[in-house]
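Okay, thanks for squeezing me in, everyone. Let me put the structure up and we'll walk through it together.

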Amino acid sequence: MSNPVLSSFKTAPIPHGLDRIPDIQGYLVINSDGAVLASSGDLENNENVAGVITKMLQTAAKVPISGDRTQTFKRMSVHYEDFILMATVSNQKIYVVKRPAKQESE
């Protein structure tokens, strides 16, 4: 027997396949101006993180990767003690996911 309250509740699908990322704790989808288009979990509506990541990516894009200026910046990871923020640029959008940092056994 199904619960009518639960059966009427539908969660919004996670955009662009972000749900396939293992151990995801949150995500942001940001436009090129730094505005949050979609978010969830630990990063839900976190405009501060969106702004910082956008500025970091804009700065990193100015640094030449090699002598070949046709190579462009695609991804960045920011490692903290407990988690990692991974940012990918695709189709004029920035996708940021938060995952736990792998703890090395002592």
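So, a question to start: of the contacts in the chain with a separation of 6 or more, what percentage comes from residues 24 or more positions apart? The number is 36%. Keep in mind as we go that this is a predicted model.

Now, the layout. We've got two helices and five strands in the chain. If you trace along the sequence, the order goes α-β-β-α-β-β-β.

How about the inside versus the outside? The chain has 106 residues, and 25% of them are buried. On the surface side, the chain exposes about 7,900 Å², and 51% of that area is supplied by carbon and sulfur atoms.

Okay, pockets. Rolling a probe the size of a water molecule over the atoms is how you see where empty space is left. Here, the largest pocket holds about 160 Å³ of space.

Who lines the largest pocket? Going along the chain, you have Ser-32, then Thr-54, Leu-57, Gln-58 and Ala-61, then Phe-73, Val-89, Gln-92, Lys-93 and Ile-94. By type, that lining splits into five nonpolar residues, four polar ones and one charged.

And which elements do they come from? Both α2, which is 47–62, and β5, which is 93–100, put in at least two lining residues each. The top contributor to the lining is α2, with four residues.

So if you want one place to look on the screen, go to the largest pocket and find α2 and β5 along its lining. That's me done, happy to take questions.

How values were computed:
Residues numbered from 1 in each chain as written. Predicted model: local features only at pLDDT ≥ 70, side-chain atom pairs only at ≥ 80, totals over all residues. Heavy atoms only, no water. Buried < 20%, exposed > 50% of the residue type's maximum accessible area, 1.4 Å probe, protein only. Contact = heavy atoms within 4.5 Å. Areas by Shrake-Rupley, 256 points an atom, 1.4 Å probe, with all protein chains shown as cover. 1 Å grid on protein atoms, 1.4 Å probe; cavity = no way out; pocket = protein on both sides within 12 Å on 5 of 7 lines; lining within 4 Å. Points joined across faces, edges and corners; volume = space filled by probe spheres on them. Nonpolar A, V, L, I, M, F, W, Y, C, P; charged D, E, K, R; others polar.
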